[in-house]
Amino acid sequence: MKATKQPLEKKREEFKFTPFSLCDGKTKQSTIKLASFLAQLSKSGKILYGHQNDRHSKAGPVQPGFTGSDTEDVCGRAAAIMGIDALSLTGMELGECSWERQKRLNAAISLCEKASKEGSIISLSAHMPNFELVQQNLKGGAADYSGYTPNDLRGNVVQDIMPGKRLNGIFTGYLDLVCDLLLALAEKDIPVIWRPFHENTGGWFWWGCDTCSPEEFKNLWKYTWEYMTDVKNVHNVIWAYSPGSEPSSISEFEERYPGDSYIDLIGLDMYQNYSFDYAAFWQDYDRQLELSALAAKKHGKLFANTETGIMRPENKALLDEGNERGWYERVAGICLKHKACYFLLWANFGADKAYYTPYVTRRKTDSRGIPVELEGHELLDDFISFHNMDNVIFAGQIPAFS
């Protein structure tokens, strides 16, 4: 399908730094500046657009004339928030599993540095492996963190990775890998939104409500915070707590909340599951954002919609045809209503797999790199209209924080 609209040029946002208190008293100044910027956005009626794996995984072609980002292919600029997962450090994403550890780490550092220089904020999530299975598959005594097992619920992982327990060394070895990335970015003065143990109010991950009590989860979070902050000296992160949409009240939300001393940002992960009852979803989405925003306000934390998108059967996400029109603008509008500083769509894994944003199959740009002719997915015009909203911010519009 050919696009009939063109993305508009956008100016860099003005920013007046006001110190913002974070849970780590040793937080680097650049990270405090990022938090200050996010806090100002919540009050300004503007929002950042985020996309997981925005610059290293796409549905559109990877060839001359295209960029590494479906967002940039469509709009001429990438997402303001680039999500990356720790799976990139273990070989599941951003390269082959056969890569050596340092090569994987260097690739992630290079990706984040490039994104930061081009005006994106880094958000790091962690689909941590089941450490019981890692223990069972030691190779020559060394832990192999590759593969995808966060949704394997075997063992008593939360209990057994705590200090003094049999899986603690396996767990801290994994955290060391994450910290290597964060510390390398700290040396380059790049702040990161760090989002571990997401969707813990659901039961599909080994750190979720079906495998550990609220108290056990809170102890896990606190221990992780203390290890990374006090032992590894990671001080360039905003700690983001992002449960799912299961809580129906502030008291239910707070059951698993680790505490204000360990959290900087409260988020919500919520998708539109396959259903043609669109009205019901929008009502639920509005209600859940309101609840999460109220929790953030009560605890004095930043607020964001940390994951969203359309979840289709067999994880296909967007359809090739027949998608709801105006979806992106409507999400932005509801997030703005509840003063979220950003929302983040999940990743594009390929045109024949799951993808959450439209992609381009043919493009022509002007001398500035702005697309002037596009062909591709049916939602190209929808996404360009969303990009052209005055209060939605993309890469290159944010200030420098270093």
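Begin with the aromatic rings: a search of the whole structure, which is a predicted model, finds 45 aromatic pairs. To read any one of them, recall that a pair of aromatic rings is described by the distance of the centres and the angle of the planes.

**First selection: Phe15 and Phe401**

Select Phe15 and Phe401 and display their rings, whose centres are 6.1 Å apart and whose planes stand at 80 degrees; since an angle over 60 degrees counts as edge-to-face, the pair is therefore edge-to-face. Phe15 belongs to the segment before α1 (29–44) and Phe401 to the segment after β13 (392–393), so the pair ties together parts that are 386 residues apart in sequence. With the surface switched on, compare the two partners: Phe15 is partly exposed, at a relative accessible area of 23%, whereas Phe401, at 8%, counts as buried.

**Second selection: Tyr328 and Phe383**

Move on to Tyr328 and Phe383, another edge-to-face aromatic pair, with 5.1 Å from centre to centre and 85 degrees between the planes. Tyr328 sits in helix α11 (residues 327–337) and Phe383 in helix α12 (residues 380–387), so the pair ties together parts that are 55 residues apart in sequence. Both Tyr328 and Phe383 are buried.

Stay on helix α12 and select Ser385, which has its place in that helix. Ser385 has a relative accessibility of 16% and so counts as buried, the cut-off being under 20%. Leaving aside neighbours within four places in sequence, Ser385 is in contact with Lys5 and Glu329. Add Leu8 to the selection and draw the C-alpha distance: Ser385 and Leu8 are 377 residues apart along the chain, yet their C-alpha atoms are separated by 9.3 Å.

**Third selection: the nonpolar core**

Which residues touch the most other members of the largest nonpolar core? Of the 132 residues in that core, they are Leu48, Met128, Phe131, Trp206 and Phe386. The element that gives the most to this core is α7, with eleven residues. Centre the view on Leu48 and, leaving aside its neighbours within four places in sequence, look for its contacts, among them Phe37, Leu38, Leu41, Ala80 and Ile81, as well as Tyr342, Phe343, Ile393 and Ile398.

**Fourth selection: helix α8**

Now select residues 214–231, the 18 residues of helix α8, which at 1.5 Å a residue should span 26 Å; the C-alpha atoms at the ends are 25 Å apart, which agrees. Colour the helix by accessibility and the buried residues of α8 will include Phe217, Leu220, Trp221, Tyr223, Trp225, Tyr227 and Met228, and also Lys218, Thr224 and Thr229. What do the buried residues of α8 pack against? Their partners are α6 (157–160), α7 (168–187), β4 (192–195) and β5 (237–241).

Keep Trp221 highlighted and add Lys26, which is found in the segment before α1. Lys26 is exposed, with a relative accessible area of 60%, and its C-alpha atom lies 19 Å from that of Trp221, with the two positions 195 residues apart in sequence.

**Fifth selection: residues with positive phi**

The next stops concern the backbone, and the background is that most residues other than glycine have a negative phi. Just after α8, Asn233 takes a positive phi of about 60 degrees. Asp189, in the loop between α7 and β4, has a positive phi of about 60 degrees as well, although it is not a glycine. Phe197, in the loop between β4 and α8, likewise is not a glycine and has a positive phi of about 50 degrees. Is each loop residue buried or partly exposed? Asp189 is partly exposed, with a relative accessible area of 27%, while Phe197, at 0%, counts as buried.

**Last view: the whole chain**

Zoom out to the whole protein chain, which contains twelve helices and 13 strands. Its radius of gyration is 20 Å, close to the 21 Å that the globule rule gives for 402 residues, so the chain is as compact as a globular protein of that length. Along the principal axes, the C-alpha atoms fill a box of roughly 60 × 45 × 45 Å. Of the 402 residues, 60% count as buried, and about 16000 Å² is exposed, of which carbon and sulfur atoms supply 47%. Among contacts with a separation of 6 or more, 75% join residues 24 or more positions apart.

How values were computed
Residues are numbered from 1 along each chain as its sequence is written. This is a predicted model: local features need pLDDT of at least 70, side-chain atom pairs count only at pLDDT 80 or more; totals for chains, interfaces and linings use all residues. Side-chain values use heavy atoms; hydrogens and water are left out. Helices (H or I, at least four residues) and strands (E, at least two) are DSSP runs, numbered from the N terminus. The expected span of a helix is 1.5 Å times one less than its number of residues. Buried means under 20% relative accessible area, exposed over 50%, partly exposed in between (1.4 Å probe, protein chains only). Contact means heavy atoms within 4.5 Å. Rings of Phe, Tyr and Trp (its six-membered ring) pair if their centres lie within 6.5 Å; planes under 30 degrees apart count as stacked, over 60 as edge-to-face and the rest as tilted. A nonpolar core is a set of buried Ala, Val, Leu, Ile, Met, Phe, Trp, Tyr and Cys residues joined through side-chain atoms within 4.5 Å. The radius of gyration is taken over C-alpha atoms; the globule rule is 2.2 Å times the number of residues to the power 0.38. Accessible areas come from the Shrake-Rupley method with a 1.4 Å probe; for residues, only the protein chains shown count as cover.
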